[in-house]
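Student: Before we look, could you take me through this model by setting each value against the rule that gives it its label?

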Amino acid sequence: MQYLKETPSQTAGPYVHIGLAPKAAGFDIFEQELGWDIAGPNAKGERIRVEGCVYDGTGAPIKDVMLEAWQANTDGHYAHPEDGRGVEDGFRGWGRVITDFETGLWGFDTVKPGATPGRNGTTQAPHINLWIVARGINVGLNTRLYFDDCDNSTDPVLNLVEQVHRRQTLIATRTEDSKGVTYRFDVHIQGKGETVFLDI
Amino acid sequence: MKPAEYYMRDRTRHAPGLTKDYKTSVPRSPQYALLSLENSLSEITGPTFSQNDIDALDNDLIKNYAHGGDPIGERIIVHGRVLDENGRPVPNTLVEVWQANAGGRYRHKKDTYLAPIDPNFGGCGRTMTDEDGYYFFRTVKPGAYPWRNWVNNWRPAHIHVSIFGVAFAQRLITQLYFEGDPLIKTCPIVQTVPDADAIDQMVAKLDLNATIPLDSIAYRFDIVLRGRRSTMFENRLEGN
């Protein structure tokens, strides 16, 4: 059988913002930048903010990273024809965020997703799928963000992580204050506390 | 159609995480192996886009940031198809590009290379593939530029390309190089890819038939995203 082969990945480089978030690069070109509104105005469910930092192997924050998020709505439905169960009008489930150039902090506003169907009749605990690219990352890194106030004990993906203590690297920590609910999710690319990355 | 898994990503044709000649990868590559997952609904779905998300001029980098004139540089057309590994077109998918100007300078507040900014060139564009997976951009050929790695490294002329496909598992960012560029073989970023055929897949080919005579030269760049199984056999992706 003759199949084609996937085009190789290359690093997004330090100037990823020009193409994918030009306002951050310092100029205004497109009528609408994509990926800043994940849930839309009509989404049901709990409004949350997700924040974090991506650290390199020396422990320094990576300040030129871009993350993309892909998630289900509060009912656990994806905005995609192959899910087909439907989402609120304007719910996209996809977001794109870059870090602050000075601090490396990133954050996005969304709604907390619901549980989604897993393989073979299992149920996946609520999670946000993340994809991380930056200078120095040759192939974009996939991971998942789970929530510390959900029951993650039967999640089929978390349970695949052989070293039980490493499952914690995929779980975001909830805090609440007058501004609302924030989940903190730090990513460690390498070394102590290294995040579990996925080959999806 | 029943949902079906994507073929395993062939990691032997992609760069490993740690590629010591590309120094920045050293502290930015995981030490532990990736955890390989069989696809669930979370991976076989992904964001969808439509023409409403973009504007008609977004794929014309000669005009989309023009301030009273055209950008300096060699006028080129980049065109091709987005296909999957089964050779089927990937229609209606978003393709985004970004690049340096003809002098090798990016319009970015962090780029300090001494080549000048071009007042008429932004350096980014986007388009949707059509029903046959076809896409095209018009732009100027980017220049080579030096970068800090070893003392004297130059990036070959390149355009960054971002493609979505229809599933989060197909998400890809790559770089397009130009046929005949002697810097390709000495670039530590290109050479992170361990397979010569795979590198050749990132090299756009001069396409004289697609040039516009007396106007623009053309390069052909087909992009291949991961393919997926047929659904001939029940694969129990969604259970029971």
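Tutor: Let us begin with a rule: a residue counts as buried when its relative accessible area is under 20%, as exposed when that area is over 50%, and as partly exposed in between. Please keep in mind throughout that this is a predicted model. By that rule, buried residues make up 62% of the 200 residues in chain A, and of the 240 residues of chain B, 57% count as buried.

Student: What makes chain A as compact as a globular protein of its length?

Tutor: Start with its elements: chain A has two helices and 12 strands, and from the N terminus on they run α-α-β-β-β-β-β-β-β-β-β-β-β-β. The globule rule gives 16 Å for 200 residues, and the radius of gyration of chain A is 17 Å, which is close to that value, so the chain is as compact as a globular protein of that length. Along its principal axes, the C-alpha trace of chain A spans about 55 × 45 × 40 Å, and among its contacts between residues at least 6 apart in sequence, 66% join residues at least 24 apart.

Student: How do you know whether the radius of gyration of chain B agrees or disagrees with that of a compact globule?

Tutor: The secondary structure of chain B also comes to two helices and 12 strands, but read along the sequence its pattern is β-α-β-β-β-β-β-β-β-β-α-β-β-β. A compact globule with 240 residues would have a radius of gyration near 18 Å, and because chain B has 19 Å, the two agree. The C-alpha trace of chain B spans about 60 × 40 × 35 Å along its principal axes, and residues 24 or more positions apart account for 71% of its contacts with a separation of 6 or more.

Student: Why is B:Asp58 called buried or exposed?

Tutor: B:Asp58 has a relative accessibility of 5%, and because buried means under 20%, the residue counts as buried. B:Asp58 is found in the loop between helix H1 (41-44) and strand E2 (75-84) of chain B. Leaving aside neighbours within four places in sequence, B:Asp58 is in contact with A:Phe30 of the other chain, and also with B:Asn64, B:Cys124, B:Gly125 and B:Arg126.

Student: What makes the approach of the B:Asp58 side chain to the backbone nitrogen of B:Asp55 a polar contact?

Tutor: The side chain of B:Asp58 reaches that backbone nitrogen of B:Asp55 at 2.9 Å, and the cut-off for such a pair of N or O atoms is 3.5 Å, so the distance falls within it.

Student: Why is A:Arg85 placed in its accessibility class, and which class is that?

Tutor: At 40% relative accessibility, A:Arg85 is neither under 20% nor over 50%, and therefore counts as partly exposed. A:Arg85 has its place in the loop between strand E2 (66-71) and strand E3 (94-98) of chain A. Its side chain joins that of A:Asp83 in a polar contact of 2.8 Å, and a polar atom of the A:Arg85 side chain also lies 2.8 Å from the backbone oxygen of A:Gly76. Not counting residues up to four places away in sequence, A:Arg85 touches A:Gly76, A:His77, A:Pro117 and, from the other chain, B:Leu41.

Student: Why is A:Glu176 called buried or exposed?

Tutor: Here the value is 58%, and because exposed means over 50%, A:Glu176 counts as exposed. A:Glu176 has its place in strand E9 (residues 171-177) of chain A, where a polar contact of 3.0 Å joins its side chain to that of A:Arg174. The C-alpha atoms of A:Glu176 and A:Ile48 are 128 residues apart along the chain, yet separated by 9.7 Å.

Student: What is notable about the phi of A:Asn120 and of B:Asn92?

Tutor: A:Asn120 has a positive phi of about 55 degrees although it is not a glycine, and B:Asn92, which is not a glycine either, has a positive phi of about 50 degrees. A:Asn120 is in the loop between strand E5 (116-117) and strand E6 (123-124) of chain A, whereas B:Asn92 lies in the loop between E2 and strand E3 (94-99) of chain B. At 38% relative accessibility A:Asn120 counts as partly exposed, and at 40% so does B:Asn92.

Notes
Residues are numbered from 1 along each chain as its sequence is written. Chains are lettered from A and ligands numbered from 1 in the order in which they are written. This is a predicted model: local features need pLDDT of at least 70, side-chain atom pairs count only at pLDDT 80 or more; totals for chains, interfaces and linings use all residues. Side-chain values use heavy atoms; hydrogens and water are left out. Helices (H or I, at least four residues) and strands (E, at least two) are DSSP runs, numbered from the N terminus. Buried means under 20% relative accessible area, exposed over 50%, partly exposed in between (1.4 Å probe, protein chains only). A polar contact is a pair of N or O atoms within 3.5 Å; within protein, one must be able to donate a hydrogen and the other to accept it, and residues adjacent in sequence count only if both atoms are side-chain atoms. Contact means heavy atoms within 4.5 Å. The radius of gyration is taken over C-alpha atoms; the globule rule is 2.2 Å times the number of residues to the power 0.38.
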